[in-house]
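Welcome! Below are some short exercises, each with a worked solution to follow at your own pace. Please have a look at the molecule before you begin.

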Amino acid sequence: MKIGVGTFVTDEGIGSAKLAVALEERGFDALFLAEHSHIPASRQSPYPGGGELPRMYYRAVDPFVALAAAAAVTERLLLGTGVTLLIQRDVIHTAKEVATLDLISGGRFVFGVGAGWNREEMADHGTDPRTRGALLDEQLAALREIWTTDLAEFHGRFVDFDPMYAWPKPVQRPHPPIFIGGGPAAARRAARLGAGWFPTAVASPAEVPAQLAQLEGADVPVMVAGVAADPALLDAYAEAGVGRVSLMLPTLPESETLDMLDQFTKVAARFTS
C-alpha cells in the first residue's frame with residue numbers, strides 16, 4: 001500500500017512547494033490538496049465533520065496553482081486534488097488545467113473529484129444541488145472527450161459544446177486517473193464510470209470491512225483520504241487491499257508541519273521503505 005498526505009494549503013501554513021519537497025525527501029508517495037473556492041457567509045449547510053467549520057476551509061489556496069508550484073520542485077511525488085469541486089467549475093477550463101498540470105509534472109497528476117456538500121457555495125457558481133450528480137457525470141464524460149479527441153464535441157443536458165480543438169493533451173494516456181470522492185453514491189458512480197473510489201477514512205480498524213463493502217463487489221481502485229496516523233488503521237486498510245491512503249495533515253506553520261511529517265514517517269516506514 002502506498003502512503004500519501006492530504007491537506008489544506010492556505011496562506012497561513014506551510015507552502016505547497018516546501019511541503020512537496022519534504023514529502024518526497026521522506027519517501028511519501030503523493031500530495032493531495034483540497035479545494036473550496038469560497039465559503040458563503042450564510043453557513044446554512046452543516047459541516048459534515050460536525051461543529052464549526054475549521055479555519056482552513058476559509059483560506060484554502062487554489063489547488064492547481066499550488067500543485068504546479070509543487071511539480072516544479074519535485075521529481076517523483078504524485079500530485080492530486082482531494083477533491084476538485086468539479087460541479088462548481090467550467091469544464092473546458094478545468095480540462096486545460098488538468099492537462100497542463102499533467103504535462104508540466106511529467107504525468108504525475110491524480111484527479112480527485114467530488115460533488116461537494118456546501119449547497120450555498122454551489123449556488124454561487126450557478127449549480128443546482130439537486131442535479132449535481134447528473135452534472136458531474138456529464139462533466140467527466142466531457143473531460144474525457146476533450147482529453148482524448150483532437151476534435152472534441154459534446155452535447156448533453158448540462159454540458160454542451162460544438163467541435164473544438166483543445167491542447168495540451170495529458171501526458172498520461174488516455175488521461176490522468178480519476179477518483180470519485182465520497183460515500184456509497186460515489187462508490188457506485190466510480191464503478192459505473194470506470195473510475196476509482198476516494199472515500200474518507202473511518203475512525204477504527206473494525207469499521208474498514210463495512211466501509212469497503214459499499215463497493216458491492218465492484219472491482220475499482222481505492223484510495224482513502226483523511227487517514228489518521230494509526231498503525232492499526234493503516235494495517236487494516238493494507239490487509240483489505242487498498243492501494244493508497246493519504247494521511248490527514250493539519251494546516252500548520254512550516255516547522256510544526258515538518259515535525260509532524262517526521263512522526264508520520266515513523267508510522268508509515270514499513271510501507272514507504
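**Exercise 1. Find which elements the buried residues of α3 pack against.**

Solution. Step 1: the buried residues of α3 pack against two helices and three strands' worth of neighbours listed here by name: α1 (16–25), β2 (30–33), β3 (78–84), α4 (91–104) and β4 (109–113). Helices (DSSP runs of H or I, at least four residues) and strands (runs of E, at least two) are numbered from the N terminus.

Step 2: a few ground rules help here. Residues are numbered from 1 along each chain as its sequence is written. This is a predicted model, in which local features need pLDDT of at least 70 and side-chain atom pairs count only at pLDDT 80 or more, while totals for chains, interfaces and linings use all residues, and side-chain values use heavy atoms, with hydrogens and water left out.

Step 3: list the residues doing the packing. In helix α3 (residues 63–72), the buried ones are Pro63, Phe64, Ala66, Leu67, Ala70 and Ala71. Here buried means under 20% relative accessible area, exposed means over 50%, and partly exposed is in between (1.4 Å probe, protein chains only).

**Exercise 2. Work out how the buried and exposed residues are arranged around α3.**

Solution. Step 1: look down the axis of α3. Its buried residues fall within an arc of 160 degrees, so they line one face of the helix. The arc is taken from the directions that run from the helix axis to the C-beta atoms.

Step 2: turn to the other side of α3, where Val65 and Ala72 are exposed.

Step 3: add Ala68, which also lies in α3. Ala68 counts as partly exposed because its relative accessibility is 26%. Leaving aside neighbours within four places in sequence, Ala68 is in contact (heavy atoms within 4.5 Å) with Leu101 and Ile104. The C-alpha atoms of Ala68 and Ala17 are separated by 8.7 Å, with the two residues 51 apart along the chain.

Step 4: finish at the start of α3. There, a side-chain oxygen of Asp62 comes to within 3.0 Å of the backbone nitrogen of Phe64.

**Exercise 3. Is Gln88 buried or exposed, and which residues does Gln88 touch?**

Solution. Step 1: locate Gln88 in the loop between β3 and α4.

Step 2: check its accessibility. Gln88 counts as buried, because the value is 11%.

Step 3: list the neighbours. Not counting residues up to four places away in sequence, Gln88 touches Ser37, Asn118, Glu121, Met122, His125 and Thr127.

Step 4: pick out the polar contact. The side chains of Gln88 and Glu121 make one at 3.0 Å. A polar contact is a pair of N or O atoms within 3.5 Å; within protein, one must be able to donate a hydrogen and the other to accept it, and residues adjacent in sequence count only if both atoms are side-chain atoms.

**Exercise 4. How many salt bridges does a search of the whole structure find?**

Solution. Step 1: recall the general idea. Side chains of opposite charge can pair when their charged atoms come close. A salt bridge is a side-chain nitrogen of Lys or Arg within 4 Å of a carboxyl oxygen of Asp or Glu.

Step 2: the search finds 13 of them.

Step 3: take Lys18 and Glu254, whose closest N and O atoms are 3.3 Å apart. This pair links distant parts of the chain, with Lys18 in helix α1 and Glu254 in helix α10 (residues 254–272), 236 residues apart.

Step 4: move on to Asp262 and Arg26, which meet in a salt bridge of 2.9 Å, N to O. Asp262 is in helix α10 and Arg26 in the loop between α1 and β2, 236 residues apart.

Step 5: consider Arg270 and Asp235, with closest N and O atoms 2.4 Å apart. Arg270 lies in helix α10 and Asp235 in helix α9 (residues 231–239), so the pair ties together parts that are 35 residues apart in sequence. Arg270 is partly exposed at 45%, and Asp235 is partly exposed at 26%.

Step 6: include the network of salt bridges that links Asp11, Glu12, Arg55 and Arg59.

**Exercise 5. Describe the setting of Arg192.**

Solution. Step 1: place Arg192 in helix α7 (residues 184–193).

Step 2: note that Arg192 is exposed, with a relative accessible area of 52%.

Step 3: find its partner. The Arg192 side chain makes a polar contact with the side chain of Asp137, at 3.1 Å.
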